[in-house]
Amino acid sequence: MAAQPPADDPVQDAPDVSPPQHAAAGLPAIGHSLRVAQQQMGVRRTARTLLRVNQKDGFDCPGCAWPEGEKRHAAEFCENGAKAVAEEATLRRITPDFFAAHPVARLAERSGYWLGQQGRLTRPMYLAEGADHYEPVPWERAFDIVADELRALDSPDEALFYTSGRTSNEAAFLYQLFAREFGTNNLPDCSNMCHESSGSALTETIGVGKGSVLLEDLPRADLIIVAGQNPGTNHPRMLTALEAAKAAGTRIITVNPLPEAGMERFKNPQTARGLAGGGTALTDLFLQIRLGGDQALFRLLNRLLLEASDSTPDAVDRAFIAEHTHGFEEFAAAAHAHDWDETLRATGLDRDTVERALRMVLEAKSIVVCWAMGLTQHKHAVPTIKEVVNFLLLRGNIGRPGAGVCPVRGHSNVQGDRTMGIFERPAPAFLDALEKEFGFAPPREHGLDVVRSIRALRDGTAKVFFAMGGNFVAASPDTEVTEAAMRRARLTVHVSTKLNRSHVVTGARALILPTLGRTERDRQASGDQFVTVEDSMGMVHASRGRLEPASEQLLSETAIVCRLARRTLGAGSSTPWEEFERDYSSIRDRISRVVPGFDDFENKLRRPGGFPLPHAPRDDRRFPTATGRANFTAAPVEYPELPDGRLLLQTLRSHDQYNTTIYGLDDRYRGIRGGRRVVLVHPDDARALGFPDGSYTDLVSEWRDGRERRAPGFRVVHYPTARGCAAAYFPETNVLVPLDATADTSNTPAGKSLVVRLEKPAPETAVTAHT
C-alpha cells in the first residue's frame, strides 16, 4: 500500500521557538533520519535503500556533492541524504486522478512543502492552452508537442534548456549535444545561481574553475578556514572530514554571520563518542563577520602577512611567488593601502580577533579555504573569492598537499554537468571537439544564463522553456517577475520525479515528463545501465540504482533526451540517438573523445570508487591562465553599506531543506519547529527597531531601481546573529531579491546581502496564517 501524504497544508508562520543548539548530529539525527525514511518508504525499503547509498557498487546520493573517501562506512549517508533518498524512493504516488481532482489554479495556492509531499509522478501530464487541469498524455504525443513547438520557433535561440545539478554526466552530455545541434547555447543551469562566482574567480586566477583539493588534503592541512558555509545542514558528511582533520591536529577558523551548531561541535552518529559522549569541538576561532565583509577581512590578512614578512621571512613564500605568479606588485600595493578601520567597519570584528586569526595563519604551513554561497551570492562575490586566492598564493598554498581552494558545491552532479558542457559560454576548444566528433557546426554565440533567461521570457524573446530537473521558479530571484515571465512562454516542460512549484506556474501550455530517480533500476535494450557523476572535488564515479521504478511509465533522463532529439532533429541528424539510449557505454565512449580527462572512461570506472579528473594547479603547479601563471588581483574592496534603521538580510536554508526541496518544517539546530516564515534578528537590533521576540513583521527590500519588494507575515526570532544582520529562508524570501541584483562578472543573484527594513503588518493581515 502506498504511503499517504499529509492532507492539509500546514501553517508555516507560527513555529515553536527554542534556543539554538550548540552541537550537530548524534542520536537525534539518527532518529529523525529513520523516522522520515520509514514514513516515506516503510521499514524494509528503508533498510534496503539506505545501505546502498554512496557505496562503491551502489547509487550516488541525490543530495549534495560532498565526496566519499576510499574507506566507507556501512551507513555512508547523512541525515539530509537520508531525507533526499526517502523523498525519491517514497511509496507515495501521484496518478492522473490526483490532477483530475486538483485544478492547476488550486495547486498554485499550495506551499512547496505540500506539493513535494504528494509523492512520485507516474505519468506524462499535459496542460492544454486554456485548460484548468493537467491530463495524462502518451509519451509519443508529449514528444510531438515539444518537437512541434521547437521547430515552429523563428530561431533556436527562442528556446531555453535549463539543467539541474542532479542530472547525470551521460544525460547532461546528450542534453547539451541536442541543444547545440538544435542551434543554441541557451543552457542556463543551477550553477548560475550558486557557484558561478567561484568558477569566474578561479578561472581567471588559477586557470581552472574548480577546487584544487582532494578529500585526503583536509586532514593534511594545518589550518582549514570555513567561510560562508554551514556544513551541518548543507553538507553534513563534511563534518566527518573535519572531525578527522581535528584528530590529525588541524585547526579550524569559522567565518560566518551566524553561529552554526555543526561547526561548534559534531556528535558523530557512527562513533561511540559521538553517540554517548560530548562529540568533537570543531571551531578553534569563530569570526562572526558582518554580511559581505569577507573581502575586507582577507585583504587585511594579506596586508598583515606582507608586513609580517619583514621580520618573519616564511610569512610569505617569495620563491613560489617569483616562479608561479603574476601581478604581485600591483596586488601588494593595494594590500598595503588597506587599513584597519575600514576592515573593522566592513566586518564588525574587533582588532584582537583579527590578530588571533593572523597568528593561526602564521603558525600554519598548509591552509585550505572552504566556502559556499555565503561568499558567492554578493555583488562583490568574484573579487571576494579572488582575494581568498591572493591569500593562498601569498604562502604557496595551492598545488601542494594539505592546501588549496575548496568551493563546496551543492547538488550531487552540479560540477559534472558543467564539465559535460552545460554552460551558456562554452570554451571554443570544447565546441571544436564537439564539431570534430559529431560532424556539425555548434553555435558559437554565447547563450543565456538564468537571469538573462528570465529577462528573455519576460520580454517575449524566449518562448519555450525546457527544464531537465530542478525547480526553476522557486530557485530563481524576484519571484513575482520570474513567475510572470514563465507565464509568457508558449510552452513550459519539466522533466521531474516529484511535483513542485514550477509545475503550477506554467506557460500557455505545459508538460510534466516523469523520470527515473537515482535510486531506481534503469533498464534499456542492451540491459541494466549505470550513470556517472562528478563530486565537489573532481572525482568521477558510477551510480547504479537498484529499486524497481515508481511506475512503468517512467523514462530515464537519457531516454527522454534521445527520443526528443530524434523527434525534433529528424533525418537531418547523424547522431546515433537510438544507440545512445540503448547502451550508455556508447555515450561514455563519445565523452572520452570530447571532454578532457575522460580518456579510457569505461576502464577507469572499473576502479572502485572512481577516478580523479586532472587539475593542473593541483597536479603540477601549472596554471593555464592568460598569463600562464597564477594571477594575483587588486580589486577595490567592497562591502554593503547599511542605512540607519535597516538590516542586511541573507537568504538561507533550514535544516529540513535541500535547495528548494522542503523535507519538513523544522530547523532543529536553530531552535525553529513547525514553521518557515521566520526572520532571525539580533535581540539588540530587533528591540531598537521596535520588534519584540515573537512579534510579526513584513520584510521589505530596498533596491536602487526605486521599487520595493515585500514578503509579508514573518515571525521575528531574537537570535545571536551578527549585529546589523538578519536571516530568513528561501524560497520564501526570493521575492525580495531583485532580478538585477547580481554579482559582477558572474551574474549570480545576490541573495546574501539585501538591504531590508522591518515593517509592522497592516492590522487586517497581522494574524493571517501564511503558507
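## Charge and surface

In the protein chain, the mean positions of the 91 positive and 99 negative charges are 3 Å apart. The coordinates behind this value, and behind the others in this report, belong to a predicted model. The accessible surface of the chain amounts to about 26,600 Å², and carbon and sulfur atoms contribute 50% of that area.

## Overall fold

The secondary structure of the protein chain consists of 31 helices and 33 strands, and its C-alpha atoms occupy a box of roughly 75 × 65 × 55 Å along the principal axes. For 771 residues, a compact globule would be expected to have a radius of gyration near 28 Å, and the 25 Å of the protein chain agrees with this.

Of the 771 residues, 65% are buried. Among the contacts with a separation of 6 or more, 79% are between residues that stand 24 or more positions apart.

## Aromatic pairs

Across the whole structure, a search finds 23 aromatic pairs. In the pair of Phe161 and Phe466, the ring centres lie 6.3 Å apart and the planes meet at 40 degrees, so the pair is tilted. Because Phe161 belongs to strand β7 (residues 159-163) and Phe466 to strand β16 (residues 464-468), the pair ties together parts that are 305 residues apart in sequence.

Phe161 and Phe466 are both buried, and ring pairs join these two residues with Tyr175, Phe178 and Phe182 in a cluster.

Definitions and conventions. Residues numbered from 1 in each chain as written. Predicted model: local features only at pLDDT ≥ 70, side-chain atom pairs only at ≥ 80, totals over all residues. Heavy atoms only, no water. Helix = DSSP H or I, 4+ residues; strand = E, 2+ residues; numbered from the N terminus. Rg over C-alpha atoms; globule rule 2.2 N^0.38 Å. Buried < 20%, exposed > 50% of the residue type's maximum accessible area, 1.4 Å probe, protein only. Contact = heavy atoms within 4.5 Å. Areas by Shrake-Rupley, 256 points an atom, 1.4 Å probe, with all protein chains shown as cover. Lys, Arg positive; Asp, Glu negative; His and termini not counted. Charge placed at Lys NZ, Arg CZ, Asp CG, Glu CD. Phe/Tyr/Trp six-rings, centres within 6.5 Å; stacked < 30°, edge-to-face > 60°.
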